[in-house]
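Visitor: Please take me through one part of this model at close range. I would like the helices, and where they bend or pack.

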Amino acid sequence: MTKTLLVLVAKLISGANVRWVGCVPDVRQRIYFANHTSNLDAVVIWASLPSPVRALARPVAARDYWIKDPLRRHLANHVLNAVLIERKQPTAHDNPLADMLAALGDRHSLIIFPEGGRQTNGEMAPFKGGLFHLAKDRPDVELVPVLIENLNRILPKGEFLPVPLLGSVSFGAPMKLEAGEGKSPFLERAQAAVKALRQT
Amino acid sequence: MKLKIDSQTIWLVGGVLALLAVASIIGWLLSLRVKNEAGRATVQNLNARIRAWWLMVAVFGLAMATGGIGSVVLFGLTSFLALREFITLTPTRYGDHRALFWAFFVVLPLQYYLIAIKWYGLFSIMIPVYAFLILPLRSAAAGDCEKFLERTAKIQWGLMICVYCVSYVPALLSLEIPGYGGQNGKLMFYFVLVAQISDVLQYVWGKTLGRHKIAPTVSPNKTVEGFFGGVICATLIGAELWWATPFTPWQSAGMALAITFMGFGGGLVMSAIKRDRGVKDYGNLIEGHGGVMDRIDSLCFAAPVFFHLTRYFFT
């Protein structure tokens, strides 16, 4: 019930035009990695997946943001089935990578934002290493680049009232970590795959 | 706002449905005959357009049947979708966020509220005067001066085209024409019919006989043959429909000419904006047609002119 409602609201606000450019929706295990410009990002990507795929997809999100009030806590834990990670200071107890690997399990997919935070200047920040480690530890999981456009205009950082423009979510061709590929070439290649989905 | 449904209304609606039925049959026959790849794409697009027309006529008919309020709500939603497409294509900045929020959620509903309560004195100046002054004020207060004039001009333009001009269609229901009381629904139907059929006929003439491009840099699909064929035929159809309007046949022909002429201009100007932004369509909401804005561009330009001509000469 709340799920259907949230999907509807997300689609309505974002006017999301969903483009499957490089692959088709599939329930196989995937890591969707996207650029990050708005608080709506995780919800909109999640909502744009067809429901059987959506049921297995878990957005990875910042714990400090999603536990702020009871509504967000409820959405994160019971509706989005989010993986809440500590972005400030990872410790042995609180290692985001271990949390993400555990969350993947043997049937879930993840939605992650490797830039680590929302960007406001229109340029993508360099990707953090997590994606590389995930790719290395789980070579069986497909890595799908996702580009989100216009959501930063719909709900920019620091605003709470959305303007209903038309956003779009594009899914690119799955990629894998090549044998012997180093960390920074891989991260650069991954970022380029997201950028390549730009429409204009 | 009660609208009478009389035998003339039924003739108008029946005529449109018959026309669509004929168009669907022709589309089906063409799909059987077409052989080459390019022709198939054109016919597919044609049939998608016809299917969309059925839907649009159904929605418009439903709005008419629920009386004035239904029409105001329908065109209010149309404005919302059109403004959404327009602003999406317009580069705005973070500093415009609040102004845009007001445009969508204050100015737009207020305009249609004023139309619903028939407050001519205010709905005719609210956006050109008050929104014009207050929205830039909000953007300026946000403190970002980069391309300020360009940004505010574009937001104002979007409001004028997508909200102000479109709202003149349901505003036709508020005109008090002597001897035509309660029949304004037919006037609105007449207007939408002439404007849209002019588009359709320009398309048909252009596709069949079109050789000479009328504005190659702006709209490569518009041809001289399409323009004249469409304008002349739509004017004749408008004249033929005089019995549903408060006009005489000659007056009705003149009105139809004004509508088709402004409608053509609307299509041209909105195309120029699309070319400037480097897109082909404003959106993809209506199958075969593109976005909402692609379908209503002619209505936008024709509605205020038709409203004021009617108001000046017939009330």
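Guide: Start with the bend in α11(B). This is a predicted model. The helix turns by about 35° at A302(B). A proline, P304(B), follows within four residues. α11(B) covers residues 292-314, 23 residues in total. From first C-alpha to last, α11(B) reaches 31 Å, close to the 33 Å expected at 1.5 Å a residue.

Now take α6(B), residues 126-141. Here a kink of about 35° lies at F132(B). The proline P136(B) comes shortly after the kink. The 16 residues of α6(B) should span 22 Å at 1.5 Å a residue, and the end C-alpha atoms are 21 Å apart, so the two values agree. Which residues of α6(B) are buried? They are M126(B), I127(B), A131(B), L135(B) and S139(B). These buried residues pack against α4 (97-116), α5 (120-123) and α7 (148-171) of chain B. Just past the end of α6(B), G143(B) has a positive phi of about 85°.

Chain A offers a helix pair. α1(A), residues 2-14, packs against α2(A), residues 41-48. Their axes lie 9 Å apart, at an angle of about 110°. Angles of 65 to 115 degrees count as roughly perpendicular, and α1(A) and α2(A) are therefore roughly perpendicular to each other. On the α1(A) side, the contact uses L6(A), V7(A), A10(A), K11(A) and S14(A). On the α2(A) side, V43(A), V44(A) and A47(A) take part. By class, this contact has 6 nonpolar, 1 polar and 1 charged residues.

Key:
Residues numbered from 1 in each chain as written. Chains lettered and ligands numbered in written order. Predicted model: local features only at pLDDT ≥ 70, side-chain atom pairs only at ≥ 80, totals over all residues. Helix = DSSP H or I, 4+ residues; strand = E, 2+ residues; numbered from the N terminus. Expected span 1.5 Å × (residues − 1). Bend = angle between axes of the 7 residues up to and from the residue. Axes fitted to C-alpha atoms, helices over the stretch in contact; angles between N-to-C directions. Parallel < 35°, antiparallel > 145°, perpendicular 65-115°, else oblique. Contact = placed C-beta atoms within 7 Å. Nonpolar A, V, L, I, M, F, W, Y, C, P; charged D, E, K, R; others polar. Buried ≥ 20, exposed ≤ 12 C-beta atoms within 10 Å, placed from the backbone.
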